[in-house]
Amino acid sequence: MRVLRAFESARLEYVLIGAAAMGFHGLVRATEDLDLFIRATSENIEKLRSALREAYEGDPNINEISAADLLGEYPAVRYVPPTGDLYFDVMTRLGEVTSFETIDAEVKEVDGTRIRVATPAALYRMKKGTVRSQDHVDAAALRERFSLRDEG
Amino acid sequence: MPVQKFRSIEEMNKAPLPESRGSDFERFLRHCARWWAITPKYYPRGVFKFRTIEDAQKAREKHLPLK
């Protein structure tokens, strides 16, 4: 929660995707990471760095997260904080189908902190077409729980 | 209903889950905390960069539970 609060105070533009987002929708499974889809701008990446510094007491590793990478050759960056219990997969591009501007998301509130979370339908669209077996399990669970249909 | 009895696994699987405390997200956090305690893993600390989401997923699979 500390880091989610820091994201809000930094006004980071992000959408929570992956298992944590599924947790918000009542489909609870364990995970070791928080998947963040962030708006791909230099300003927003600076907000991410600032929020992580606040949450992890200025961990110097955070300086290695750069706009040049996330806007360039490395659209996926993993940050493992000193606490080591939870890491972050930060993404600025998610293939051809999903963009930050068009992803369906809703705001959830936990202990007064607002968190932008991908909708079940958006998560389903992201997960159904991948090669990862865990994503297939997640997609099936989302489809069943929310009576989702494949779009023509 | 603290104790429920079932005549088969199928019957048990169909039974509604008992209501749990807190929001779905709190339940998720508790579940993860238990899982990390049961199967601790060591990830090298720091920042790692990937050209694709698939590369990031493959890297995650390299880390096995601590013995």
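A residue counts as exposed here if 12 or fewer other C-beta atoms lie within 10 Å of its own, as buried if there are 20 or more, and as partly exposed in between. Keep that in mind as you click through this predicted model.

**Stop 1: Asp150(A)**

Select Asp150(A), in the segment that follows H6 of chain A. Is this residue buried or exposed? Asp150(A) has 8 C-beta neighbours inside 10 Å, so it counts as exposed. For a sense of scale, add Ala67(A) to the selection: 83 residues of sequence separate it from Asp150(A), and the two C-alpha atoms are 35 Å apart.

**Stop 2: helices H5 and H6 of chain A**

Now step back to H6(A), residues 133-146, and show it together with H5(A), residues 120-128. Two packed helices are described by the angle between their axes and the distance between the axes. Here the angle is about 145° and the axes are 9 Å apart. The helices H5(A) and H6(A) cross in a left-handed way.

Turn on the side chains at this contact. From H5(A), pick Pro120(A), Leu123(A), Tyr124(A), Lys127(A) and Lys128(A). From H6(A), pick Asp135(A), Asp138(A), Ala139(A), Leu142(A), Arg143(A) and Phe146(A). Colour them by character and you will find 6 nonpolar and 5 charged residues, with no polar ones.

**Stop 3: helices H1 and H3 of chain A**

For another helix pair, select residues 2-9 of chain A, which make up H1, and residues 42-55, which make up H3. Their axes lie 8 Å apart, and the packing angle is about 140°. That angle makes H1(A) oblique to H3(A). The crossing of H1(A) over H3(A) is right-handed.

Which residues of H1(A) and H3(A) meet? On the H1(A) side they are Arg2(A), Val3(A), Ala6(A) and Phe7(A), and on the H3(A) side Ala51(A), Glu54(A) and Ala55(A). This contact holds 5 nonpolar residues and 2 charged ones, and no polar residues.

**Stop 4: the strands around E4 of chain A**

Next, hide the helices and show the strands. E2(A), residues 33-38, pairs with E4(A) in the parallel sense over 5 bridges. One pair to label is Asp33(A), whose bridge partner in E4(A) is Tyr87(A). E4(A) also pairs with E3(A), this time antiparallel and through 4 bridges. In that pairing, Arg78(A) sits opposite Asp89(A) of E4(A).

Follow the chain from E3(A) to E4(A) and you trace a hairpin with 6 residues between the strands. Pause in the turn at Gly84(A), where phi is positive, at about 70°.

While you are here, click on Phe88(A), which lies in E4 of chain A. With 18 other C-beta atoms within 10 Å, Phe88(A) is partly exposed. Leaving aside residues up to four places away in sequence, Phe88(A) touches Asp33(A), Leu34(A), Leu36(A), Arg78(A) and Tyr79(A). Draw a distance from Phe88(A) to Gly23(A) as well: the C-alpha atoms are 16 Å apart, with the two positions 65 residues apart along the chain.

**Stop 5: strand E3 of chain A**

Move across to E3(A). How many of its residues are buried? The count is 5 of the 5, so E3(A) is largely enclosed by the rest of the structure. In a regular strand the side chains alternate between the two faces of the sheet. View E3(A) from both faces: Ala76(A), Arg78(A) and Val80(A) are on one side, Val77(A) and Tyr79(A) on the other, and all are buried.

**Stop 6: across to chain B**

Bring chain B into view. It has 3 helices and 1 strand, arranged along the sequence as α-α-β-α. Of its 67 residues, 9% count as buried.

Select the strand of chain B, E1(B) at residues 46-50, together with E3(A): they pair in the antiparallel sense over 5 bridges. Two pairs to label are Val77(A) with Lys49(B) and Ala76(A) with Phe50(B).

Finally, select the whole contact between the chains, which takes 28 residues from chain A and 23 residues from chain B. On the chain A side, the elements giving two or more residues are H2 (18-24), E3 (76-80) and E4 (87-91). E3(A) supplies the largest share, 5 residues. By character, the chain A side divides into 14 nonpolar, 6 polar and 8 charged residues.

How values were computed: Residues are numbered from 1 along each chain as its sequence is written. Chains are lettered from A and ligands numbered from 1 in the order in which they are written. This is a predicted model: local features need pLDDT of at least 70, side-chain atom pairs count only at pLDDT 80 or more; totals for chains, interfaces and linings use all residues. Axes are lines fitted to C-alpha atoms, for helices over the stretch in contact, and angles run from 0 to 180 degrees between N-to-C directions. Angles under 35 degrees count as roughly parallel, over 145 as roughly antiparallel, 65 to 115 as roughly perpendicular and the rest as oblique. A crossing is left-handed if the near helix is turned anticlockwise from the far one by less than a right angle, and right-handed if clockwise. Two residues are in contact if their C-beta atoms, placed from the backbone, lie within 7 Å. Ala, Val, Leu, Ile, Met, Phe, Trp, Tyr, Cys and Pro count as nonpolar, Asp, Glu, Lys and Arg as charged, and the others, Gly among them, as polar. Two strands pair if DSSP finds at least two bridges between them.
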